[in-house]
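Please look over the sequence and the structure shown below before reading on. The report that follows describes the fold as a whole, then the pairing of strands, and then one residue in particular.

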Amino acid sequence: MQDKTIFKITLITTIIGLVGIILTTGLVNPEHLTIDKIDKSKIDNQVEITAIVSNVIITNTQTTIITLTDGTGTISAVIFSKMDNSLNIKNNVTVIGRVTEYNGQLELIIDDQKNIKLNN
């Protein structure tokens, strides 16, 4: 084949692949788990959990640390951006966060307050 033909095929394949990725990105959802199912194999994965807020701590640097409990276990969730005061103890929430390990303990990093949904 000529170089121009190979270039055209490569360009068309790349464009189709990028369009496919863009269209399917919204269809990928984090795995919904209970806290006891979160282990070291989930590190760096996005997970979704439904739990009750059992503690809220706001540090001097405006980092919010939330303790979540769902009946199967407890995990801390950290939000580095400033939060509004709508989150209280005993709120039932659904959160999406990335599993990380800090000081030997698993925790969730919540990138955006929009990833916390209050359940009624």
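Of the 120 residues in the protein, which is seen here as a predicted model, buried residues make up 26%. The protein exposes about 8,200 Å² in total, and carbon and sulfur atoms supply 57% of that area.

The secondary structure consists of 1 helix and 7 strands, and from the N terminus on the elements follow the order α-β-β-β-β-β-β-β. With a radius of gyration of 20 Å, well over the 14 Å that the globule rule gives for 120 residues, the protein is therefore more spread out than a compact globule. The C-alpha trace, taken along its principal axes, spans about 65 × 30 × 30 Å. When contacts between residues at least 6 apart in sequence are considered, 51% of them join residues at least 24 apart. As for charge, the protein has 10 positive and 12 negative charges, and the mean positions of these two groups are 6 Å apart.

Strand E2, which covers residues 46–58, takes part in several pairings, and these are set out in the table.

| Partner of E2 | Residues of partner | Sense | Bridges |
|---|---|---|---|
| Strand E1 | 31–32 | parallel | 2 bridges |
| Strand E3 | 64–69 | antiparallel | 6 bridges |
| Strand E5 | 92–102 | antiparallel | 7 bridges |

Individual residues show how these pairings are placed. Where E1 and E2 pair in the parallel sense, Glu31 has Val47 in E2 as its bridge partner. On the antiparallel pairing of E2 with E5, Ile52 stands opposite Asn92 in E5, while for the antiparallel pairing of E2 with E3, the residue that stands opposite Ile57 is Ile65 in E3. The hairpin that E2 and E3 form has 5 residues between the strands, and within this hairpin Gln62 takes a positive phi near 70°.

Strand E5, already met as a partner of E2, also holds Tyr102. Is Tyr102 buried or exposed? The relative accessibility of Tyr102 is 52%, and a residue counts as exposed when this value is over 50%, so Tyr102 counts as exposed. How far apart in space are Tyr102 and Leu27, C-alpha to C-alpha? These two residues are 75 residues apart in sequence, and the C-alpha atom of Tyr102 lies 30 Å from the C-alpha atom of Leu27.

Terms used:
Residues are numbered from 1 along each chain as its sequence is written. This is a predicted model: local features need pLDDT of at least 70, side-chain atom pairs count only at pLDDT 80 or more; totals for chains, interfaces and linings use all residues. Side-chain values use heavy atoms; hydrogens and water are left out. Two strands pair if DSSP finds at least two bridges between them. Helices (H or I, at least four residues) and strands (E, at least two) are DSSP runs, numbered from the N terminus. The radius of gyration is taken over C-alpha atoms; the globule rule is 2.2 Å times the number of residues to the power 0.38. Buried means under 20% relative accessible area, exposed over 50%, partly exposed in between (1.4 Å probe, protein chains only). Contact means heavy atoms within 4.5 Å. Accessible areas come from the Shrake-Rupley method with a 1.4 Å probe; for residues, only the protein chains shown count as cover. Lys and Arg count as positive and Asp and Glu as negative; His and the chain ends are not counted. The place of a charge is taken as NZ of Lys, CZ of Arg, CG of Asp or CD of Glu.
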